[in-house]
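Colleague: I am new to this structure and would like a close look at a single part of it. Please begin with one loop, and then place that loop in the wider chain.

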Amino acid sequence: MCLLFAAAILPAQTVHAEAIQPFSVPARPLAAALSQLADQAGIQIIFVGAEVRGRNSHPVSGAMAVQAALQRAAGKDFEVVQAGDTYVIRRRVKTFSRQSSAQPSAIQSDEAPQEVIVTARVSALSRTPLESSYAVTRLTANTIQMSGALSAADLLKAVPGLWVESSGGEASNNIRARGIPRDGFSSLAVQEDGLPVQHDPGLGYLNADQSFRIDDTLQAVEVVRGGPASVFASNALGGLINLIPREAPMRPEMRLRLQAGDGNYRRVDLWTGGPLGEWRVATGGFYRADNGLRPTGYTADQGGQWRLRAQRQWDHVKLSLDYKHLDDRVAFYLPVPLQVTADGEIKPVPGFDALYGTLAGPDTAAAKMLDAKGQPYPFDLSRGTQVLLDQYTVKLRYELSNSLTLNESLRWRRSSTWRNGLFPGYPNTASEKLKTYLPAAQAIYPQATQLGLSYADGTGFAGDGLAIDATLSSVRIPLSELISDTKLEGQAGGHHFTAGLYVAQMNMSMQRLTATTLLEVRNQARRLDIVAYDAVGNALGAMTQDGFTRYGAQFDNYSGTERSIAIYGTDEWTFGKWRADIGIRLEQLKLAANVEQSQAFQGPDTLHIGDDTVLGGTGQFSLLSREFDGQTLSLGLTRPIDDRTQIYGRLTRTRYLPNLTDLTSPPAGDIHTEPVTLSEFGFKHATPGSYLQIVAFSTAFSAYRVTDNVFDAKTNAYSQRAAYGDTLTVGLEVEALWRAHRDRNGPDLALSATWQKPRFETLRYTELVNGAAMVRDFSGNRLLRVPEIMVRLTPGYGFAKGRGRIETPIEYYGDRFADAANTARLPAYATLGVALRYDLTPRLTFILTGDNLGQTLGLTEGNPRAGQIVSGDTGETYFAARPIFGRSFRAALSFRL
């Protein structure tokens, strides 16, 4: 992956030297002069109208670089910052002792300008990463391309403080931020151009990463950890991810990228745009198809995303219209069978490839699921996670006066999601698996004394091989939501303030039906039927049909709404060399759901056990409703030590607010808000050849509910349970970059590292064991699945006068536990990757990326169906867990016009 902040701190890595161009703009109002210079240069510019209103430009005449021309027109009170393909003209901040900015303009010194951060700003003033009073990482378009990331989760692995599980495929992955113990994306808000892609990013079976894809329509991705994120966004406990689309260009542009790779990976990305009358328009997206990094025997991933964007600017008004369409299906990869050897080493089971194998295959994709009425249910495993989404966005910026600006952002989104998956249970020998079924077989065939297995098509099953329980799950979630964010930004009396109103209305429904089956343990497994035999070995008949041991193992049907309204405000001011800010958010959430009651039905088939207890709806609905209030307070204090160094401290107190998944999942009666306290102290230092950010942090999460949905292989049923506790995580993040030379040649080194101690301060509960009350106390144990140490070290080397670059990222993750009891240990692991980039011509670039070159068997999670409080896999020879993907390569050819 490309070095962090390489583009932000050292633009020579990502852009070529500016060409000298002729300019001729007389002295005139500054706003008009800057716009005229932009037209002559064919570039994009950004400035705050209130900062330039009433000012005249200096005349610009002659041949010079674009940045020099803009700086000459603006004068010494302004600085010009290059942000990728865009130039930002901003008033100098007068809070530093020797310079008016922590990172001076390249016109005045040999320092390199930084890109401007736009996410979670507590002031209308532009801030660079160095100046920001919180930890933020900006990934540019070049960084994204060179990473070769297959998913958003893959891309975020380079961000310190985040534990990322990207082994689920292109969507439905997990991210945890700074020790916040919640799964999915429920600890990080995900925004696109400053508005949520999904109001609640952590809904059950509907992660935010299912609602977007990374493609070439993106200009950058900014990731804020902690800081004031929870002031500016709902559901932003641990931070905020902001996907920043490309601005529509002022002159015609086009970008085309072709990719190919392992798993028959084929993809094309296109982005193009230019002026259209008084408007600027851009359009683009991608289309991709592949067989998957774990081949399933059918097309695993297929579909794409398309975006249309139009922008227009008047003297005091900027209008942006955006439409996005996503029609895509991706494979959902889940745990695979593994074994523990006699010496405690974890290895693949015989006949199964843990790096490339998956139980899903043509046979399981062809399975026909029945509901409680005996009717076929539309289950199709080859759909994986399939999303059909339309998203409409309107953004309006209106400068009310020299010191006051109104921003209105409105988004409407409609989507339909199918999430079909194969969830494995417990692998074991066939003879052990069959023991629990003998009583049920004798109820059907009294002469039965032993059981065997055959394939569901009637052919034989060889010997006493391994078998595994599996749940075939089908979930459908239609969703629509309307989001509005109205923000007033201004300054008065030395204070820079923001006041906002956020409103969201989300309507969704969920239908889920699952069925259990037995499978052989091999790649692209086949379904197995259980056959009864008498004492002399005569086959009496199969007690299962089509491999199903139970239809209707789980059933859900509900529709509901989430209504959220929040007011928020920030104020920033300076005193001496210090800069202080305060942010407040008050939020009210209303949840309501109509939930169909379920019961077990018995079907008419007396010869097979699959329909003996089928969960289905009764037609009776219950109305559930709850209201919650949340408050967020964030205080920050920042002080520059010199032009290159800054320290800051921040304390944030916020709350986790429940969602519809919490309301409709048992036990639902005890859901509540969960207080969160975050503190951090940061040190930042930047020079022309280096960048260093060190952040000490702590996260306290109170009244956390650990929920379990455990599969019982003996009964083919799921049980729910919950425990409550408090968590505390303290840690240290380090983000660093060193470069030997200021040009793009020679060696460099990037580091992203996290050390943390994620612990349950308290976790106690009582359960019945053989009729007796047993107290469980897991206080002091490590949090689930989060490593204490995460390190990403990326040596890089530039060659051929900047035309070529190679990087070899090395990643290390410490050991983790799959359960709160800390009995199921997941070993530490390390991986090696490679990325090569070479400019064949100034407009044509070749990129080659490779992952997991050493074929490491790294486990990112255990098997949640075995229990996340106490794992049922503990001490077993065979178990299930989800590994990272095996070695793979992808090549890309990018063309720019």
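**A loop residue and its surroundings**

Modeller: Ala456 lies in the loop that joins strand 26 (450-455) to strand 27 (466-492). The model is a predicted one, and what follows is computed from it. Once the neighbours within four places in sequence are set aside, Ala456 is in contact with Arg527, Leu528, Asp529, Asp546 and Gly547. One of these, Gly547, is 91 residues away from Ala456 along the chain, yet the C-alpha atoms of the two are separated by 5.4 Å.

Now the chain around this loop. Its secondary structure amounts to 11 helices and 50 strands. The C-alpha trace spans about 105 × 55 × 50 Å along the principal axes. For 897 residues, a compact globule would be expected to have a radius of gyration near 29 Å, and the chain agrees with this, at 29 Å.

Among the strands, 4 form an open sheet in the order 21-20-49-48, with antiparallel pairing. Strand 21 (346-348) and strand 48 (859-861) are at the edges of this sheet; each has a single partner strand, so one side of each is without a neighbour in the sheet. On average, and with direction ignored, neighbouring strands of the sheet are turned by 65° against each other. Further in, strand 20 (residues 336-340) pairs with strand 49 (residues 878-883) in the antiparallel sense, over 4 bridges. Within this pairing, Gln339 stands opposite Tyr878 of strand 49.

Among the helices, one pair can be described in some detail. Two packed helices are described by the angle between their axes and by the distance between the axes. For helix 2 (residues 30-41) and helix 4 (residues 66-74), the axes come within 10 Å and cross at roughly 165°. An angle over 145 degrees counts as roughly antiparallel, and helix 2 and helix 4 are therefore roughly antiparallel to each other. The crossing in which helix 2 passes helix 4 is right-handed. On the side of helix 2, the residues that meet helix 4 are Leu30, Leu34, Leu37 and Ala41. Helix 4 contributes Val66, Ala69, Leu70, Ala73 and Ala74 to the contact. Sorted by class, this contact between helix 2 and helix 4 has 9 nonpolar residues, no polar residues and no charged residues.

To return to the starting point, Ala456 sits in the loop between strand 26 and strand 27, and its contacts beyond the sequence neighbours include Asp546 and Gly547.

How values were computed. Residues numbered from 1 in each chain as written. Predicted model: local features only at pLDDT ≥ 70, side-chain atom pairs only at ≥ 80, totals over all residues. Heavy atoms only, no water. Axes fitted to C-alpha atoms, helices over the stretch in contact; angles between N-to-C directions. Helix = DSSP H or I, 4+ residues; strand = E, 2+ residues; numbered from the N terminus. Parallel < 35°, antiparallel > 145°, perpendicular 65-115°, else oblique. Left-handed = near helix turned anticlockwise from the far one by under 90°. Contact = heavy atoms within 4.5 Å. Nonpolar A, V, L, I, M, F, W, Y, C, P; charged D, E, K, R; others polar. Pairing = 2+ DSSP bridges. Rg over C-alpha atoms; globule rule 2.2 N^0.38 Å.
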